[in-house]
Amino acid sequence: MEKNCVFCKIIAGEIPSAKVYEDSKVLAFLDIAPFNFGHTLVIPKAHYHCFTEIPAEDLTAMMTVAQKLAVALMRATGAPAYNLLMNNGQVAGQEVPHAHLHIIPRHVDDTVAFSAPQKHYEGDALPELAAKIREKLAKQTENQ
Ligand code: AMP
């Protein structure tokens, strides 16, 4: 448990939350300021800052719960669709530094929007960047 972490305090029961699922590794509860009603946060019980810090076992547990919850949320809210969202790092909009996956129920013509002007690769920039990423990935695998 991280002393000043609001989600660790929720896990410890020091701050109330509207829990929808709990097991030894994972907790899920309703977001207090939802984009749509039913907007849920799925978190690992252990304190990891972001996605890339979560060990595979905890990540698998989280995603398995998220998949079941997405179905339950759609059934409970009547939403025909949902978004999964994870902000990782302050620059990406992460406000609570305890890894969490948002599940956001979506409705026709709701006011939720995830959009940005799209960029275009010039010249060989696209295959060059793909090659660079493959190289970094191979080095990471070597170092594991
Ligand atoms: P993020 O910007 O990805 O870090 O999102 C943090 C989310 O946590 C926001 O959507 C907040 O509304 C939500 N949140 C913060 N405090 C609480 C809380 N005590 N209970 C439920 N949700 C919370």
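This is a walk through one protein and the ligand it holds, from the overall layout to single residues. Please keep in mind that the model is predicted.

Let's begin with the layout. The protein has three helices and five strands. If you follow the chain from its start, these elements come in the pattern α-β-β-β-α-β-β-α. The C-alpha trace extends over about 50 × 40 × 25 Å along its principal axes. Of the 144 residues in the protein, 31% are buried.

Now turn to the ligand. Where does the ligand sit? You will find it in the largest pocket. Two elements give two or more residues each to the shell around the ligand, namely α1 (6-11) and β2 (26-30). There are 15 residues around the ligand, and those that come nearest are Asp 31, Asn 87, Glu 95, His 100 and His 102. By chemical character, the shell is made up of eight nonpolar, five polar and two charged residues.

It is worth zooming in on the oxygen atoms of the ligand. The side chain of His 100 has an N or O atom 2.7 Å from a ligand oxygen. Asn 87 also takes part through its side chain, where an N or O atom lies 2.9 Å from an oxygen of the ligand. With Gly 93 the partner is a polar backbone atom, again with a ligand oxygen and at 2.9 Å. As for cover, the ligand on its own has 500 Å² of accessible area, and the protein covers 84% of that.

From His 102, one of the residues that come nearest to the ligand, you can step to another histidine. The side chains of His 39 and His 102 make a polar contact at 2.8 Å. His 39 belongs to the loop between β2 and β3 (40-44). Is His 39 buried or exposed? Its relative accessible area is 1%, under the 20% cut-off, so His 39 counts as buried.

A little further along the chain you reach Val 42, in strand β3. Val 42 has a relative accessible area of 0% and is therefore buried. How far apart in space are Val 42 and Ile 103? Their C-alpha atoms are 7.7 Å apart, although 61 residues separate the two in sequence.

Let's finish in the loop between β5 (101-106) and α3 (125-142), where Phe 114 has its place. Asp 109 is found in this loop too. Asp 109 is not a glycine, yet its phi is positive, at about 60 degrees. Its relative accessible area is 75%, and because that is over 50%, Asp 109 counts as exposed.

Phe 114 gives another picture. Its relative accessibility is 43%, which lies between the 20% and 50% cut-offs, so Phe 114 counts as partly exposed. Look also at Leu 85, which is 29 residues from Phe 114 along the chain: the C-alpha atoms of the two are separated by 9.9 Å.

Ser 115 has its place in the loop between β5 and α3 as well. Why does Ser 115 count as exposed? The reason is that its relative accessible area is 68%, and exposed means over 50%. For a sense of distance, compare the position of Ser 115 with that of Lys 132: they are 17 residues apart along the chain, and 27 Å separates their C-alpha atoms.

Definitions and conventions:
Residues are numbered from 1 along each chain as its sequence is written. This is a predicted model: local features need pLDDT of at least 70, side-chain atom pairs count only at pLDDT 80 or more; totals for chains, interfaces and linings use all residues. Side-chain values use heavy atoms; hydrogens and water are left out. A residue is near a molecule or strand if one of its heavy atoms lies within 4 Å of it. A polar contact is a pair of N or O atoms within 3.5 Å; within protein, one must be able to donate a hydrogen and the other to accept it, and residues adjacent in sequence count only if both atoms are side-chain atoms. Accessible areas come from the Shrake-Rupley method with a 1.4 Å probe; for residues, only the protein chains shown count as cover. On a 1 Å grid over the protein atoms alone, a cavity is a set of points where a 1.4 Å probe fits but cannot get out, and a pocket is an open set with protein on both sides within 12 Å along at least five of seven lines; lining residues have an atom within 4 Å of a point. A molecule sits in a cavity or pocket if more than half of its atoms lie within 2 Å of its grid points. Helices (H or I, at least four residues) and strands (E, at least two) are DSSP runs, numbered from the N terminus. Ala, Val, Leu, Ile, Met, Phe, Trp, Tyr, Cys and Pro count as nonpolar, Asp, Glu, Lys and Arg as charged, and the others, Gly among them, as polar. Buried means under 20% relative accessible area, exposed over 50%, partly exposed in between (1.4 Å probe, protein chains only).
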